[in-house]
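User: Could you take a close look at one part of this model for me, the part you find most worth describing? Please set the scene with the whole chain, then link that part to the rest in one connected answer.

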Amino acid sequence: MSTTFHSTRGNDEALTGRQAIRQGLAGDGGLFVSDGLGDRQVDVAPMVGQPYQAIARRVLGVLLPDFSATELDACVRAAYGAQWLDPAITPLKPLGDDYILELFNGPTSAFKDVALQILPQFMARTASGDGNPAGDAAAREKVMVLTATSGDTGKAALAGFADTAGTGITVFYPEGKVSEVQRLQMTTQAGSNVSVCAVRGNFDDAQSAVKRIFGDRDLAARLEDGNHVSLSSANSINVGRLVPQVVYYFSAYAQLVGRGAIEAGDEVEFVVPTGNFGDILAGYYAKRLGLPVGRLTVASDRNNVLFDFLTTGTYDRERPFFETTSPSMDILVSSNLERMLYYFSDGDTDLVRGLMDDLRGKGSFSVPDALLRRIRTLFSCGWADEGQVSRAIADCWKRNRYVIDPHTACGYHVMAHAPRQAGMPRVLLSTASPYKFPRVVCWALGLTTTGTDFECMDRLAEASGTKAPGNLRGLEHATERHTHVIDIAGMADYVRNASLRL
Ligand SMILES: *Cc1c(COP(=O)(O)O)cnc(C)c1O
């Protein structure tokens with residue numbers, strides 16, 4: 001079985017899981033994939049009734065075979081402990097005739113915590129030990145983790161990496177384009193190794209600039225010579241971000257069996273609010289490992305580039321960019337789609353490279369009909385405009401007495417309007433706490449609010465009988481530490497200066 005990783009765009013590199021995690025992105029700009037995916041199957045039946053941590057050890061052991069069981073156990077313990085508000089980590093709850101999987105009970109109240117609590121643990125174990133031939137030289141080496149965020153990744157990465165030895169974290173977010181709560185979450189972050197900076201531009205501008213910085217060989221050489229720093233990524237293109245997300249699909253399924261909703265072996269549909277395609281791609285990985293995933297439904301917001309792709313076969317990024325109430329899904333280039341194209345074309349690196357060249361050169365690509373048909377046997381799609389998001393929040397509350405955030409609401413809308421597959425239970429992945437977007441949620445529920453986001457939180461708590469997570473409510477009186485605003489052109493220098501401080 002092949003457990004090495006190589007690029008979606010070529011087979012030249014052959015890396016261990018550790019090396020792929022440390023490096024983040026392949027040298028040719030592609031994403032790391034392993035051809036051994038699915039060679040080892042994971043039986044979900046023995047997971048019924050097991051704690052999340054046990055399921056995580058089992059699934060991660062198969063996806064990252066170059067980590068020892070002892071190492072993975074230590075990573076899992078550190079990542080999924082008392083910092084989570086629910087001991088089930090990702091609890092499954094009934095929602096009418098369907099189910100909702102809460103992925104937001106972590107320290108920053110967004111689903112990205114699932115991956116970003118454990119990524120720093122993986123990263124810390126990439127410096128030395130077996131599986132890393134670089135040995136001592138690598139142990140001296142420091143890593144600067146670099147991330148562009150549309151809102152949630154930034155804080156989750158900061159919370160995960162703050163004060164981690166041998167690692168720095170730099171986060172760029174688009175000025176004025178994240179919610180007040182999201183902004184405060186980032187600007188108040190403490191830690192000796194953290195840098196947070198607003199940039200003038202939108203998320204795609206910032207993300208493209210980060211990709212250019214990764215490709216800047218001069219900069220890489222200067223960081224290496226000057227301070228033994230190499231750059232890595234915490235964006236969902238990193239293998240170490242993707243694989244922890246496979247775990248909650250197994251956990252959800254085991255919980256469905258545990259509550260008698262299905263028998264082991266029955267197929268389940270997952271509806272996933274989607275931006276960069278990482279969350280839903282993890283569902284595909286789960287299927288490759290043997291989980292009975294009957295259908296994966298992509299739910300987009302008004303930036304419905306994936307909906308158009310999945311209905312026409314043409315991916316076209318040359319379109320207006322809309323700022324919506326679901327900023328973490330306001331994305332025109334869904335990076336992880338590249339991995340899906342790789343697997344559905346049976347590993348055709350030439351095809352993937354050509355498509356990505358088209359995307360860069362022409363702003364669009366089209367896949368062959370046969371490939372689109374194959375993709376559509378598993379993936380379906382829908383999207384919600386702003387009015388529909390707002391009505392979905394209200395409808396979900398009215399029917400189920402359950403408050404959802406605007407991202408989850410895109411999924412709720414799509415699920416409510418899609419034909420149900422006979423006998424196939426549906427699980428909606430809930431990606432953020434409604435308290436991260438209290439103003440939008442209050443407005444949707446018809447709760448009158450005139451004050452700050454914190455007054456909105458209190459209003460929401462009072463009306464819904466739920467409680468705002470302490471990490472969010474406490475931001476009102478936290479000290480802002482990071483107030484830089486720079487142009488896109490200044491990002492490389494900013495990274496260099498932050499790296500010199502490591
Ligand atoms: C990141 C994010 C998403 C989108 O997830 P992808 O893996 O990028 O598709 C959806 N909702 C919220 C709240 C997020 O933070």
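Analyst: Happy to! One term is needed at the outset: two residues are in contact when heavy atoms of theirs lie within 4.5 Å. With that in hand, among contacts between residues at least 6 apart in sequence, 75% join residues at least 24 apart. Please keep in mind that this is a predicted model.

Here is the setting. The protein has 22 helices and 16 strands. Its radius of gyration is 21 Å, which agrees with the value near 23 Å that a compact globule of 502 residues would have. Along the principal axes, the C-alpha atoms fill a box of roughly 60 × 50 × 50 Å. Of the 502 residues, 60% are buried. About 18,500 Å² is exposed, and carbon and sulfur atoms supply 48% of that area. As for charge, the mean positions of the 49 positive and 57 negative charges are 2 Å apart.

The part I would like to zoom in on is helix 8, residues 180-187, together with its surroundings. Helix 8 is mostly covered, with 6 of its 8 residues buried. Those buried positions are Val 181, Gln 182, Leu 184, Gln 185, Met 186 and Thr 187. The cover over them includes two strands, strand 7 (167-174) and strand 8 (194-200). Helices also take part in that cover, including helix 7 (152-161), helix 19 (438-444), helix 20 (453-464) and helix 21 (470-473).

Helix 7 deserves a look of its own. It is largely enclosed by the rest of the structure, because 9 of its 10 residues are buried. The buried set holds Asp 152 and Lys 155 alongside Thr 153, Gly 154, Ala 156, Ala 157, Leu 158, Gly 160 and Phe 161. Just after helix 7 comes Asp 163, which takes a positive phi of about 60 degrees. Asp 163 sits in the loop between helix 7 and strand 7, and with a relative accessible area of 52% it counts as exposed, the cut-off being over 50%. As background, most residues other than glycine have a negative phi.

A second residue with a positive phi makes a useful counterpart. Ser 109 has a phi near 65 degrees and is likewise a residue other than glycine. It belongs to the loop between strand 5 (98-102) and helix 4 (112-116). Ser 109 is buried, with a relative accessible area of 0%, whereas Asp 163 is exposed.

Now for how helix 8 relates to the nonpolar interior. In soluble globular proteins, nonpolar side chains tend to be buried together. In this model the largest nonpolar core holds 108 residues, and Phe 250 and Phe 379 touch the most other members. Helix 11 (residues 239-258) gives this core its largest share, 13 residues. A second, separate core has 34 residues, and Leu 184, Tyr 435, Val 441 and Leu 472 are among them. Leu 184 is also one of the buried residues of helix 8, so that helix has a member in the second core.

For contrast, let us visit the surroundings of the largest core. Leaving out residues up to four places away in sequence, Phe 250 touches Val 42, Val 44, Met 47, Ile 55, Val 59, Ala 286, Leu 289 and Leu 291. Leu 289 is also a contact of Gln 41, along with Arg 58, Arg 288 and Gly 290, with neighbours within four places in sequence left aside. Gln 41 lies in the loop between strand 3 (32-34) and helix 2 (52-63) and is partly exposed, at 45% relative accessible area. Gln 41 and Gly 290 are 249 residues apart along the chain, yet their C-alpha atoms are separated by 5.5 Å.

Val 239, in helix 11, is buried at 3% relative accessible area. Beyond four places in sequence, Val 239 touches Phe 5, Ala 20, Ile 21, Phe 32, Leu 64, Pro 244 and Arg 339. Arg 339 is also touched by Leu 281, whose other contacts outside four places in sequence are Leu 242, Asn 336 and Met 340. Leu 281 lies in helix 12 (residues 278-288), and it counts as buried because its relative accessibility is 0%.

To return to where we zoomed in: helix 8 is mostly covered, helix 7 is part of that cover, and Asp 163, just after helix 7, is exposed.

Conventions. Residues are numbered from 1 along each chain as its sequence is written. This is a predicted model: local features need pLDDT of at least 70, side-chain atom pairs count only at pLDDT 80 or more; totals for chains, interfaces and linings use all residues. Side-chain values use heavy atoms; hydrogens and water are left out. Helices (H or I, at least four residues) and strands (E, at least two) are DSSP runs, numbered from the N terminus. The radius of gyration is taken over C-alpha atoms; the globule rule is 2.2 Å times the number of residues to the power 0.38. Buried means under 20% relative accessible area, exposed over 50%, partly exposed in between (1.4 Å probe, protein chains only). Accessible areas come from the Shrake-Rupley method with a 1.4 Å probe; for residues, only the protein chains shown count as cover. Lys and Arg count as positive and Asp and Glu as negative; His and the chain ends are not counted. The place of a charge is taken as NZ of Lys, CZ of Arg, CG of Asp or CD of Glu. A nonpolar core is a set of buried Ala, Val, Leu, Ile, Met, Phe, Trp, Tyr and Cys residues joined through side-chain atoms within 4.5 Å.
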